[in-house]
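Colleague: Please take me through one part of this model slowly. I would like to see how neighbouring helices pack, and then hear about a few other local features.

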Amino acid sequence: MKRKLQVAVRALVEHVFRTGDLELEFTGAGRTLEAIRAHQKIQKSRPTGYTPEVAICREIETEYFFLCISGRIDGVYQTHESVMIDEIKTTTRDLDFFKTACNPLHWGQLKCYAYLYSLEHDLDKIDVQLTYYQLDTGDTLELREAFTREELDIFFQDLVDRYLEWAKTIADWVCLRDESIQVVEFPFAAYRNGQRQLAVDVYQTIKNQGQLIIQAATGIGKTMAVLFPAVKAMGEGLTSKIFYLTARTTGRITAEKALEDLRAKGLHLKHLTLTAKDKICFNPESTCNGQECKFAKGYFDRLSSALKDFFQQDGFTRQAIEEAARKHTLCPFEFSLELSLWADVVICDYNYAFDPQVYLRRFFQTENHDYIFLIDEAHNLVNRSREMFSAEIRKQSFLDLRRLVGRQLPQLYKSIGKINTWMVKAKKRMPEEENFLSEPIAPSEIYPLLWRFVKITEHQLVLNIKADYRPALLELYFAVNAFLRVAEQYNESYVTCFEKLDKDLKLKLFCIDPAAQMKNALARCEAAVFFSATLTPTNYFQQIFGCDASANKRIIPSPFPKENLCVLVADRISTYYNQREQTKTQVTQTIFNLVAQKPGNYLLFFPSYAYMQMIHAAFSENYPKIKTILQNSGMPEAQRDQFLEQFAEENTETLVGFAVMGGIFGEGIDLIGERLSGVIIVGVGLPGICPENELIRDYFTQSHQAGFEYAYLYPGINRVLQAAGRVIRTESDRGVVLLIDRRFATFRYKSLFPHQWHPMRVQNSNHLKNTLKTFWNR
């Protein structure tokens with residue numbers, strides 16, 4: 001049975017005719033709008049008989065496929081004597097360039113449209129016109145040709161044959177993939193308790209094109225439980241691509257391993273790990289063009305052979321992409337984007353699906369939305385979504401650029417001066433004793449000044465002149481452009497924040513409630529699965545994520561024996577900020593009483609660095625013989641690894657690690673077996689009181705009567721539960737969790753504890769020691 005392939009005219013032509021250098025030169029968002037207006041202007045100026053935006057579609061039977069080719073012609077001009085196909089292109093080049101240089105992509109697209117139109121209307125000959133519009137001058141250049149259908153037929157058959165050579169490779173791969181999916185089995189001997197039900201829920205969600213929020217305890221095997229049914233759904237034609245979205249390196253590694261486990265069982269599946277451009281670029285100091293970067297020069301001349309070569313393997317990991325890119329001398333980031341078109345699973349950061357600035361338009365601006373989003377560690381998406389839909393600019397950034405530019409660019413210099421004047425006035429409006437001011441209205445007075453800055457900057461950047469000020473100009477341009485994009489979405493879920501930073505002023509459009517924009521972003525997929533060990537309470541996350549009211553929610557308890565975990569609550573100690581100095585001795589004694597009962601490795605978590613350092617100093621002074629290590633702010637990856645390496649099974653003496661809740665050691669680490677004996681959590685993990693958190697509190701007090709819960713309680717308890725989840729990672733792990741804070745005894749907090757917990761209140765030091773002795777000797 002012949003398969004049906006769909007391809008757009010532009011994609012068909014580009015695949016065959018792309019040649020030369022990779023030219024990622026600046027064009028500017030404003031230029032895109034100018035180009036649209038130029039198209040419309042030319043179309044309106046055409047005479048009677050001219051029809052703009054003519055849709056064309058043709059299905060052609062080939063040896064192996066039914067090829068459905070579609071597109072939209074810019075204009076068809078029909079008279080009694082002839083028919084002319086018009087293709088409009090905008091440019092910033094001098095029009096004389098196109099009089100001698102033939103662009104194979106432009107002419108190929110035009111000839112393809114002409115052939116399809118001639119078939120549809122049974123024309124023996126047809127005229128074509130390539131219209132170039134110069135954006136800066138408004139001048140036009142019209143290049144005309146005439147073709148017989150026989151000439152176009154020869155061109156088109158060659159085009160299709162060359163495309164089908166690659167298309168057959170893809171189609172053969174899809175057949176092999178789907179056949180392997182049909183027979184591949186779950187890669188482990190048995191499902192863990194709850195894992196099979198989780199997989200069934202995920203499959204049904206995909207089949208029903210729904211949304212699912214899953215809280216599944218650490219160790220249940222969430223990654224495999226969501227990937228396996230998603231892959232099975234792909235084999236049944238329910239999706240063309242799976243996006244596995246994760247915020248951390250550990251999440252990427254776990255997903256890659258799960259797919260390798262399935263391959264070991266016979267699955268044929270291609271997955272791509274998408275790495276940010278600034279991390280994977282071979283030549284970060286150069287502009288992305290053939291003149292400055294050898295990996296851009298002749299990029300398209302080598303791309304096809306690189307694709308054929310690299311397509312032989314299934315794991316498009318960062319390392320594999322870098323090796324192939326060096327072998328074929330290709331830009332690794334652009335190569336990975338090209339590979340994403342042919343990958344079955346794309347593993348990437350949240351922002352490639354949700355962020356309005358960087359989401360993958362090659363997928364999400366098309367009409368095909370049969371994608372699956374699998375959102376790993378989804379509790380992180382709350383803060384990340386607020387960041388993605390907020391934007392800020394700083395007064396100092398404009399002044400720094402103004403000094404760099406000087407009088408070289410007088411219009412830009414003047415524009416920046418006006419913006420600075422506005423921000424100076426805004427700063428003066430703030431009460432002298434206050435460093436922060438918020439308003440529920442948009443700062444619309446500055447928008448015209450910023451648009452003026454953008455327009456002037458685009459005209460300068462589009463020249464692609466290498467200058468000392470260019471990097472700073474480009475960076476500020478993108479910041480202002482992002483600010484104005486967010487400004488277009490400004491509504492009652494936003495607030496305008498002014499913050500003094502010494503002599504500087506920060507102006508921020510702060511998205512308090514990202515639900516509406518998250519809902520719009522979720523329209524890019526057909527099914528979405530949010531999963532984490534901590535999504536408590538699920539209703540809160542359902543609201544923030546912008547999920548439908550019909551979204552399903554599942555809470556799956558730990559699959560491990562409950563007697564392996566001892567949960568204790570020291571609720572006679574206060575960790576309120578103003579009482580910490582008074583109670584630090586009680587805290588350090590309680591810590592010592594726990595770690596002294598069994599030699600081992602212990603992790604302590606605190607709500608802030610300052611509190612952690614206070615208790616660490618007191619503990620080290622009172623118990624100097626116990627080895628301690630301390631998390632530092634901004635630890636590089638090598639130091640993080642060294643920190644974790646000290647939690648060794650063979651340690652004969654007790655090790656106590658001090659860390660911060662919600663930080664790099666609070667989630668996503670596996671210290672299995674004797675590498676971790678227990679976790680002590682000091683405080684309820686509330687985010688620090690700050691103006692933005694207070695704005696969140698006020699907003700959700702008014703909208704949901706749950707301001708404290710949304711701003712502090714729910715984020716805090718999820719930090720606590722993440723930290724506690726470090727203890728039991730496998731069936732054989734045993735360990736203890738000690739919660740220190742009197743608030744843990746209240747219903748507000750106890751009601752949020754996992755159902756499988758059976759916490760015991762610590763009455764005094766002897767009770768703690770005896771309870772631990774009984775647990776460890778069991």
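Modeller: What follows starts with the helix packing around H17 and then moves to cavities and loops. Keep in mind that this is a predicted model.

Start with H17, which spans residues 410–429. Helix H18 covers residues 447–461. The two pack at an angle of about 160°, and their axes are 9 Å apart. H17 and H18 are therefore roughly antiparallel to each other. Their crossing is left-handed.

Which residues of H17 meet H18? They are Gln 411, Leu 412, Ser 415, Ile 416, Lys 418, Ile 419 and Trp 422. On the H18 side, look at Leu 449, Leu 450, Arg 452, Phe 453, Ile 456 and Thr 457. By class, this contact has 8 nonpolar, 3 polar and 2 charged residues.

Now turn to H16, residues 395–405. H16 and H17 pack at an angle of about 155°, with axes 10 Å apart. That makes H16 roughly antiparallel to H17, because angles over 145 degrees count as such. This crossing, too, is left-handed. H16 brings Lys 395, Phe 398, Leu 399, Leu 401, Arg 402 and Val 405 to the contact. H17 answers with Leu 412, Tyr 413, Ile 416, Gly 417, Ile 419, Asn 420, Met 423 and Val 424. The class count is 10 nonpolar, 2 polar and 2 charged residues.

Put the two contacts side by side. Leu 412, Ile 416 and Ile 419 of H17 take part in the contact with H18. Leu 412, Ile 416 and Ile 419 also appear in the contact with H16.

Next, the cavities. A search of the whole structure finds 3 of 30 Å³ or more. The largest has a volume of about 90 Å³. Its lining has 13 residues, and those nearest its centre are Cys 281, Cys 288, Cys 293, Phe 295 and Cys 331. By class, that lining has 9 nonpolar, 3 polar and 1 charged residues.

The second largest cavity holds about 50 Å³ of space. Its lining is made of Glu 14, His 15, Arg 18, Phe 300, Leu 303, Ser 304 and Leu 307. Helix H1 (9–17) and helix H10 (299–310) are the elements that each give two or more residues to it. H10 supplies the largest share, 4 residues. The classes here are 3 nonpolar, 2 polar and 2 charged.

Last, some backbone details in loops. Most residues other than glycine have a negative phi, and most peptide bonds are trans. Gln 209 has a positive phi of about 55°. Gln 209 sits in the loop between helix H6 (195–207) and strand E7 (211–216). Gln 705 also has a positive phi, near 55°. Its loop runs between helix H25 (691–704) and helix H26 (707–724). The peptide bond from Thr 536 to Pro 537 is cis, with omega near -10°. Pro 537 is in the loop between strand E17 (527–532) and helix H21 (538–544).

One more loop residue is Asp 349, between strand E11 (345–348) and helix H13 (351–354). Leaving out residues up to four places away in sequence, Asp 349 touches Leu 245, Thr 246, Ala 247 and Arg 384. Asp 349 and Asp 376 are 27 residues apart in sequence, and their C-alpha atoms are 9.7 Å apart in space.

Key:
Residues are numbered from 1 along each chain as its sequence is written. This is a predicted model: local features need pLDDT of at least 70, side-chain atom pairs count only at pLDDT 80 or more; totals for chains, interfaces and linings use all residues. Side-chain values use heavy atoms; hydrogens and water are left out. Axes are lines fitted to C-alpha atoms, for helices over the stretch in contact, and angles run from 0 to 180 degrees between N-to-C directions. Angles under 35 degrees count as roughly parallel, over 145 as roughly antiparallel, 65 to 115 as roughly perpendicular and the rest as oblique. A crossing is left-handed if the near helix is turned anticlockwise from the far one by less than a right angle, and right-handed if clockwise. Contact means heavy atoms within 4.5 Å. Ala, Val, Leu, Ile, Met, Phe, Trp, Tyr, Cys and Pro count as nonpolar, Asp, Glu, Lys and Arg as charged, and the others, Gly among them, as polar. On a 1 Å grid over the protein atoms alone, a cavity is a set of points where a 1.4 Å probe fits but cannot get out, and a pocket is an open set with protein on both sides within 12 Å along at least five of seven lines; lining residues have an atom within 4 Å of a point. Grid points are joined across faces, edges and corners, and a volume is the space filled by probe spheres set on the points.
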